[in-house]
Amino acid sequence: MNAHFILATVTQAKDGLVSTFNAVPDDKLNWKPFDNGRAALDFFGEVAQTFKLIANILETRGADGSAAEIFASMRQERANWSKADALAAMETHFAHFERVVGGFSDEQLCEILALPLGSGMTLPLAGWAMMTYRSCISRFAQINYIQTLYGDFDMH
């Protein structure tokens, strides 16, 4: 797996997510299907922040120990974001992620990095970078599901 493949794959997933998110009407951005559910704005903001988190992990190889701190503060940070705030964060954090991943050689992307997130995670740097793909795809699906619940069945 090389940087070009990672960036092309993640960019396509991110662009699909942005398109779907942009189709959410303003009055539905914070709509939740259930009392303890999550809203499209929250899902989208989480992905924007995931790009920040993963870029930091890749850049520092987890050496600064801030990954867990960033992850813990993410929800609070985006709690009052508007749609414009979330879109701006996506643009900024994705650009940073793109610069970081684009700077790696194939050999560097194969380096193994173990971090104490959750019960511990060990992945090559390429695997850490692809966590953003998983985040985009899962949140894209969740936002699409929310859209169907409020009556939007169009493809975005």
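A search of the whole structure, which is a predicted model, finds zero disulfides. In general terms, a disulfide is a covalent bond between the sulfur atoms of two cysteines. Two cysteines may be considered here. Cys-110 has a relative accessible area of 53% and is therefore exposed, since the cut-off for that class is over 50%. Cys-136, by contrast, has 0% relative accessibility and so counts as buried.

The interior of the model can be approached through its largest nonpolar core, which has 47 residues. Leu-58, Phe-97 and Trp-128 are the residues with the most contacts inside this core. Several elements each supply at least two of the core's residues: helix 1, helix 2 (40-60), helix 3 (67-78), helix 4 (83-102), strand 1 (112-115) and helix 6 (125-149). Helix 2 provides the largest share, 12 residues. In soluble globular proteins, nonpolar side chains tend to be buried together. Trp-128 can serve as an example of the contacts made: leaving out residues up to four places away in sequence, Trp-128 touches Ile-54, Ile-57, Leu-58, Leu-113, Leu-115, Leu-117, Met-121 and Leu-123.

The packing of two helices may be examined next. Helix 1 and helix 4 pack at an angle of about 175 degrees, and their axes are 11 Å apart. Because angles over 145 degrees count as roughly antiparallel, these two helices are described as roughly antiparallel to each other. On the side of helix 1, the residues making the contact include Ile-6, Val-10, Lys-14 and Phe-21; on the side of helix 4, they include Leu-87, Met-90, Phe-94 and Phe-97. The residues of this contact divide into 13 nonpolar, three polar and three charged.

Lys-14, one of the contact residues of helix 1, deserves separate attention. The relative accessible area of Lys-14 is 14%, and this residue is therefore buried, as the limit for that class is under 20%. Beyond residues up to four places away in sequence, Lys-14 touches Phe-51, Met-90, Phe-94 and Cys-136.

His-93 lies in helix 4. With 13% relative accessibility, His-93 counts as buried. Apart from neighbours within four places in sequence, His-93 is in contact with Ala-48, Gln-49, Phe-51 and Lys-52. Phe-51 thus appears among the contacts of Lys-14 and among those of His-93. His-93 also illustrates how sequence and space may be set side by side: His-93 and Ala-55 are 38 residues apart in sequence, and their C-alpha atoms are 8.0 Å apart in space.

How values were computed:
Residues numbered from 1 in each chain as written. Predicted model: local features only at pLDDT ≥ 70, side-chain atom pairs only at ≥ 80, totals over all residues. Heavy atoms only, no water. Buried < 20%, exposed > 50% of the residue type's maximum accessible area, 1.4 Å probe, protein only. Contact = heavy atoms within 4.5 Å. Core = buried A, V, L, I, M, F, W, Y, C linked by side-chain atoms within 4.5 Å. Helix = DSSP H or I, 4+ residues; strand = E, 2+ residues; numbered from the N terminus. Axes fitted to C-alpha atoms, helices over the stretch in contact; angles between N-to-C directions. Parallel < 35°, antiparallel > 145°, perpendicular 65-115°, else oblique. Nonpolar A, V, L, I, M, F, W, Y, C, P; charged D, E, K, R; others polar. Disulfide = S-S within 2.5 Å.
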